[in-house]
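Here is a short briefing on a structure with two chains to keep in view. Look over the sequence and the fold before reading on.

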Amino acid sequence: MTELTHLTIAEARDRLTARDITAVELTDAYLSAIDAANGALNAYVTVTPEKARAMAKASDERLAAGKAGALEGIPLGIKDLFGTEGVHTQACSHILDGFAPRYESTVTQNLWNDGAVMLGKLNMDEFAMGSSNESSYYGPVKNPWRATGSDADRVPGGSSGGSAAAVAAFLCAGATATDTGGSIRQPAAFTGTVGIKPTYGRCSRWGIVAFASSLDQAGPIARDVRDAAILLKSMASVDAKDTTSVNLPVPDYEKAIGQSLKGMKIGIPAEYRVEGMPEEIEALWRQGIAWLKDAGAEIVDISLPHTKYALPAYYIVAPAEASSNLARYDGVRYGLRVDGKDIADMYEQTRAAGFGQEVKRRIMIGTYVLSAGYYDAYYLRAQKVRTLIKRDFETAFHAGVDAILTPATPSSAFGIADQELAADPVKMYLNDIFTVTVNMAGLPGIAVPAGLDAKGLPLGLQLIGKPFEEETLFKTAHVIEQAAGRFTPPKWW
Amino acid sequence: MSVDLATVKRVAHLARIAVSEDDANRMTGELNAILGFVEQLGEVDVTGVEPMTSVTPMAMKKREDIVTDGSKADDIVANAPNSDRNFFLVPKVVE
């Protein structure tokens with residue numbers, strides 16, 4: 001049974017279509033794998049076996065009737081940020097205790113419409129605020145990857161840490177995730193999986209718990225580039241319920257895979273060569289350049305001069321939007337309520353008990369930078385810097401660059417409860433140094449595994465594309481994947 | 001710019017988060033670390049630069065001004081910690 005869980009989505013699709021395996025068998029294989037592994041990895045916060053089996057049975061009926069959808073019978077894990085009707089949806093926060101929405105997010109509905117099967121809800125940093133999955137109310141997720149010869153636990157990255165760990169450990173065929181500053185790409189890089197954050201507006205945000213509305217985008221984490229392409233095609237849509245979702249046809253991304261890179265121009269930004277970057281990351285980057293050159297792409301040096309300001313601008317814009325979005329958690333309409341001596345005290349006690357430390361920190365920063373007298377100095381300036389960051393990319397693209405190659409993260413996965421990172425919030429924020437620019441400019445970005453470091457931990461490369469040119473990213477990432485091979489963690493759990 | 005203990009308590013109250021003296025002390029240090037980090041934006045020349053209001057160059061879509069939803073009071077109060085006959089219950093606010 002276990003080998004069924006090792007099929008890629010594309011392979012499972014072929015075998016399901018051929019009626020060589022059934023959706024129920026495939027789903028049962030994943031449910032058994034979750035049962036055996038979740039105690040150790042903590043990737044799922046809720047498993048929905050009955051729902052999964054019912055959905056799989058319906059898939060088998062559609063397969064038998066020749067009415068299969070694009071993801072018919074494919075078992076997926078769903079990040080706890082996505083609203084799923086009647087099922088645990090808490091953004092892994094205590095403040096949403098017991099919340100089970102009466103609606104379904106557009107992205108998950110699109111997946112079910114295409115025949116996918118829901119296995120359960122995946123662990124994440126609380127309200128998607130974090131880079132290590134340690135801020136979850138449900139405890140940290142363990143990375144299935146460990147350093148060679150070590151049994152020390154490592155983080156899977158965040159905020160989509162449960163998604164990345166579940167995909168890497170074969171606890172789902174693919175997973176939904178979201179990315180506000182790197183929350184798809186950084187965990188993908190830390191777990192040897194593929195993650196794409198599409199262009200802002202490509203996937204509807206409706207029904208996804210909001211963190212920073214001008215930056216949030218949903219995307220898939222998958223075991224290979226083809227699977228990521230298959231999932232994104234189903235997730236993306238134009239949606240009347242999200243005014244920022246874009247009315248452009250969704251291409252068949254899978255068709256881009258295998259296309260030639262001849263004539264493509266790949267930009268290498270000087271500013272991503274940051275001080276103190278490990279030589280291994282530099283070497284990986286050079287290797288990626290060589291692979292793309294061998295595949296026929298032209299490599300050009302480019303400059304994105306405002307890169308270093310993206311992270312500080314992000315830590316104004318994102319907390320400001322978060323402080324506004326999270327004002328709704330007041331103990332009245334849903335979730336946790338802690339009684340107080342009057343209504344204002346009830347709000348304050350509820351929010352004090354319901355939010356974790358990182359979330360409180362960001363709400364406080366957001367409240368401060370938006371407060372009277374500070375708005376211009378912080379928020380307005382940060383939004384101006386954001387314009388400059390976007391302009392840097394536009395200049396590069398106007399000069400003929402088709403995609404930009406960078407490292408995905410400044411290091412491989414670090415240890416759980418790292419003392420240095422716990423002591424300094426800014427140090428943890430620096431994890432997103434290569435990914436956050438992409439959110440600030442609304443561009444698509446993909447992280448693809450490219451090698452292992454000396455400790456035996458996966459490292460990823462990132463490709464950044466022009467708005468709505470995800471196809472370019474898929475075809476280029478596929479070339480890297482072909483050259484680098486795929487990476488699977490040795491099973492210890 | 002940096003914040004002092006009194007400012008942290010004021011901001012916590014604006015954000016409707018109860019903080020103990022210990023919390024407020026710890027947060028003062030943390031917030032100052034973050035504010036110190038974002039301070040570098042002061043180096044950037046933003047003269048004549050428009051603040052970003054939309055990351056994609058598109059006009060916001062507007063929907064028809066018609067009723068498309070409603071009559072689901074049961075759904076709306078379904079997750080409330082305290083409700084009665086489709087009303088949210090809160091502590092008394094008017095004497």
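The notes below go from the record to the sheet, the annotated site, the chain contact and one lysine.

This is a predicted model. UniProt, in an unreviewed entry, lists "domain: Amidase" for residues 25-473 of chain A. Chain A holds an open sheet of 11 strands. The record also places an "active site" feature at A:Lys79, A:Ser159 and A:Ser183.

**The annotated domain**

- The UniProt span, residues 25-473 of chain A, is 37% helix and 14% strand.
- The C-alpha atoms at the two ends of that span lie 34 Å apart.

**The sheet of chain A**

- The strand order is β1-β3-β2-β4-β6-β5-β10-β11-β9-β7-β8, and the pairing is mixed.
- The edges are β1 (44-47) and β8 (298-302) of chain A. Each has a single partner strand, so one side of each has no neighbour in the sheet.
- From one strand to the next, the twist averages 30°.
- β7 (residues 265-269) and β9 (residues 403-407) of chain A pair in the parallel sense over 2 bridges. A:Gly267 has A:Ile404 of β9(A) as its bridge partner.
- Helix α8 (residues 279-294) of chain A packs on the sheet. The strands it touches are β7, β8, β9, β10 (445-452) and β11 (458-465) of chain A. The direction of α8 makes about 150° with that of β9(A).

**Strand β2 of chain A**

- Is strand β2 (residues 75-79) of chain A mostly covered or mostly uncovered? It is mostly covered, with 5 of its 5 residues buried.
- In a regular strand, side chains alternate between the two faces of the sheet.
- In β2(A), A:Pro75, A:Gly77 and A:Lys79 point one way. A:Leu76 and A:Ile78 point the other way. All are buried.
- β2(A) pairs with strand β3 (residues 117-122) of chain A in the parallel sense, over 5 bridges. A:Leu76 stands opposite A:Met118 of β3(A).

**The annotated active site**

- The unreviewed UniProt entry names A:Lys79, A:Ser159 and A:Ser183. They span 105 residues in sequence. No two of their C-alpha atoms are more than 11.3 Å apart, so the residues gather at one spot.
- A:Lys79 is one of the buried residues of β2(A).
- A:Ser159 sits in the loop between β3 and α5 (161-168) of chain A. A:Ser159 counts as buried because 35 C-beta neighbours lie inside 10 Å; the cut-off is 20 or more.
- Leaving out residues up to four places away in sequence, A:Ser159 touches A:Met124, A:Asp125, A:Ala128, A:Met129, A:Gly130, A:Asn133 and A:Ser183.
- A:Ser183 sits in the loop between β4 (174-179) and α6 (185-191) of chain A. A:Ser183 is buried too, with 37 other C-beta atoms within 10 Å.
- With neighbours within four places in sequence set aside, A:Ser183 is in contact with A:Ala128, A:Gly158, A:Ser159, A:Ser160, A:Ala177 and A:Thr178.
- A:Ala128 thus appears in the contact list of A:Ser159 and in that of A:Ser183.

**Where chain B meets chain A**

- In chain B, 40 residues are in contact with 52 residues of chain A.
- Two elements of chain B give two or more residues to this side: α1 (5-14) and α2. Helix α2(B) gives the most, with 7 residues.
- By class, the side of chain B that touches chain A has 30 nonpolar, 4 polar and 6 charged residues.
- The axes of α11 (residues 357-370) of chain A and α2 (residues 21-38) of chain B come within 11 Å. They cross at roughly 60°, and the crossing is right-handed.
- Which residues make that contact? From α11(A) they are A:Arg361, A:Met364 and A:Ile365. From α2(B) they are B:Met27, B:Glu30, B:Leu31 and B:Ile34.
- The residues of this helix contact divide into 5 nonpolar, no polar and 2 charged.

**A:Lys427**

- A:Lys427 lies in helix α14 (residues 425-429) of chain A.
- Why is A:Lys427 classed as partly exposed? A:Lys427 has 14 other C-beta atoms within 10 Å, and the class lies between 12 or fewer for exposed and 20 or more for buried.
- Not counting residues up to four places away in sequence, A:Lys427 touches A:Glu420 and A:Leu421.
- A:Lys427 and A:Thr437 are 10 residues apart in sequence. In space they are 17 Å apart, C-alpha to C-alpha.

Methods:
Residues numbered from 1 in each chain as written. Chains lettered and ligands numbered in written order. Predicted model: local features only at pLDDT ≥ 70, side-chain atom pairs only at ≥ 80, totals over all residues. Helix = DSSP H or I, 4+ residues; strand = E, 2+ residues; numbered from the N terminus. Contact = placed C-beta atoms within 7 Å. UniProt positions renumbered as here; feature names shortened; annotations may be inferred. Axes fitted to C-alpha atoms, helices over the stretch in contact; angles between N-to-C directions. Left-handed = near helix turned anticlockwise from the far one by under 90°. Nonpolar A, V, L, I, M, F, W, Y, C, P; charged D, E, K, R; others polar. Pairing = 2+ DSSP bridges.
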